[in-house]
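Please open the model in your viewer and keep the selection tool at hand. The stops below say what to select next and what is to be found there.

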Amino acid sequence: MKNGFKLVLITLPIAAIGAGILALVVSSKAPPARIEIAERANAVRVIVAQTQAITPTVVGFGLVAPVRAFEAIAQVGGTVEYVNPALRDGQILPAGTVLVRLSPADFNLAIAQARANIRAAEARLAEIEVSEANQRAALEIETEALAVKATDLARAEALFASGTVAQTARDNARAAHLGQRQKVQGIKGVLALFPTQRAVQTEQIAVYQTNLATAQLNLARSQLTLPFPARVAAHTVEVGQFLKAGQTAANLDGIDQAEVAVQVPMNDLRKLLQQGQSQSGTLPLDPNRMGDALRDLGLTAQVRLRLGGEIVIWPASVDRISDGIDPRTGTVGVIVQVDDAYGQVGDGNRPPLTKGMFVDVLLSAPPITGVVLPRSALHDGQIYVADADNRLRMVAAQPRVVQGGIALFTDGIVEGSQIVLSNPSPLIEGLLLNVHPDNDLMARLLAEDAAK
């Protein structure tokens, strides 16, 4: 009874007061703020697509070699009488320089002997002419004598027939006639031999004249002359030495032109040639036209020598492609030529382009104009683009040229587009982007490409 009284008089009033206070607090408090759900933008770096002209290039390496080399080989043997004092390793000699001269004594004797033989043969030919004239005169006389003997024989036959002379007289007249006929026939036989004798002597004179020409040619060959400006690479001859025919006296390298067999990866060369083919059609497979076709592609070259922090450059021309692929490296040789390799001294600080220098060569195709982007902007054949509403769009595009850190596109990318460089997450078409322009990236990449 006592507990029920406490519940009614104390507990229930206190609970009612608490409930009233709670209701008052709840009814007087402001309602909670309503939070609306909003789309979150992904922060990305972008650049504006711009049109640029890019020169496709390939860099290769090789050794410098002279286009022409002269090996001074003795064509005749003899004792060395003269050696040019300037014939020393490394010396540059002009065209027409006499390098070595052999003693001319033996060759002069051979010339004198040949001339004497010619004179003797000509004298014999003149003798034949005189002998023929004499024999013809003798033939006329003997022919007249034969006519007389024939008359005597006819008279003797008539007298013998009439019984006036004996048979002995007739036989003597016949014998005299036959003897005279034999003389005439002998002279005719001698005259028949004269044309053959004359032909023999004429041919003999021709032989002696050939011997004279050979001796004179050997005399000219006894002097070794430089046919073009060259630099002495080696020499192995001294005065008084006997130089045998076929022995090398000196080796010289031409200085007017130098060439470099540049080793280039086959795939890189193929791409470079394809860029040139867009200007002049397909590259012909005819070996006779390959050289001209390469020049028609408009390919240019620069030979570069690195001297510490300095780079020395020579302009060059693409001449031909080597005959095979290097089995060790899988590269193909492209031969470029440099004209006036020793004369391009510039301000005096440029060294001559000499044999054995290890250089790199920059091969270039004609410039191509298109939209230039960072190579990193290409993702498996797609370019990420922020549209006018800053939403992500994926554009399929294949680059025309990829070199270094840049890629050039001639179709698929519109100039002025915002190219997304970052990888947004999640990668969803239409994703809202918060773009941040990177204004220095392309300038840096283009500068690096130009410096290459």
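Begin by selecting residues 105-162, which form helix α2, a run of 58 residues whose end C-alpha atoms are 84 Å apart; this agrees with the 86 Å that the helix should span at 1.5 Å a residue, because the expected span is taken as 1.5 Å times one less than the number of residues. Helices here are DSSP runs of H or I with at least four residues, strands are runs of E with at least two, and both are numbered from the N terminus. This is a predicted model, in which local features need pLDDT of at least 70 and side-chain atom pairs count only at pLDDT 80 or more, while totals for chains, interfaces and linings use all residues. Residues are numbered from 1 along each chain as its sequence is written, and side-chain values use heavy atoms, with hydrogens and water left out.

Staying with α2, colour its buried residues, among them Phe-107, Ile-111, Leu-125, Glu-132, Leu-146 and Ala-156; buried means under 20% relative accessible area, exposed means over 50%, and partly exposed is in between, with a 1.4 Å probe and protein chains only. If you then add residues 167-221, you will see α3, which is included in what covers those buried residues. Just after α2 comes Gly-163, whose phi is positive, near 85 degrees.

Which residues does Glu-132 touch, leaving aside those up to four places away in sequence? Select Glu-132 in helix α2, and its partners outside that range are Leu-191, Phe-194 and Arg-198, where a contact means heavy atoms within 4.5 Å. Glu-132 counts as buried because its relative accessibility is 10%.

Next, move to strand β15, residues 331-339, and pick out Ile-335 within it. Its relative accessibility is 6%, so Ile-335 counts as buried. Show Val-260 as well, since the C-alpha atoms of these two residues are separated by 5.5 Å although they stand 75 residues apart along the chain. Among the residues that Ile-335 touches, not counting those up to four places away in sequence, are Glu-259, Val-260 and Ala-261, together with Val-318 and Ile-321.

The following stops concern empty space. Rolling a probe the size of a water molecule over the atoms shows where empty space is left. On a 1 Å grid over the protein atoms alone, a cavity is a set of points where a 1.4 Å probe fits but cannot get out, whereas a pocket is an open set with protein on both sides within 12 Å along at least five of seven lines, and lining residues have an atom within 4 Å of a point. Grid points are joined across faces, edges and corners, and a volume is the space filled by probe spheres set on the points.

For the largest pocket, with a volume of about 390 Å³, select Thr-57, Asp-268, Lys-271, Val-402 and Gln-403, which lie nearest its centre among the 17 lining residues. Strand β3 (57-66), helix α4 (266-280) and strand β21 (401-403) each supply at least two residues of this lining, and α4 gives the most, with five. The lining of the largest pocket divides into seven nonpolar, five polar and five charged residues; Ala, Val, Leu, Ile, Met, Phe, Trp, Tyr, Cys and Pro count as nonpolar, Asp, Glu, Lys and Arg as charged, and the others, Gly among them, as polar.

The structure holds one cavity of 30 Å³ or more, and the residues to select for the largest cavity are Ala-74, Gln-75, Val-76, Leu-102, Arg-221, Ser-222, Leu-224 and Leu-243. Its lining divides into five nonpolar, two polar and one charged.

The last stops are points of backbone geometry. Most residues other than glycine have a negative phi, and most peptide bonds are trans. Select Asp-380 in the loop between β18 (378-379) and β19 (382-386), where phi is positive, near 50 degrees; with a relative accessible area of 82%, Asp-380 is exposed. Then go to Asn-390, in the loop between β19 and β20 (392-396), which has a positive phi of about 60 degrees and, at 25% relative accessibility, counts as partly exposed. Finish at Pro-426, in the loop between β23 (418-420) and β24 (433-437), where a cis peptide bond joins Ser-425 and Pro-426 with omega about 0 degrees.
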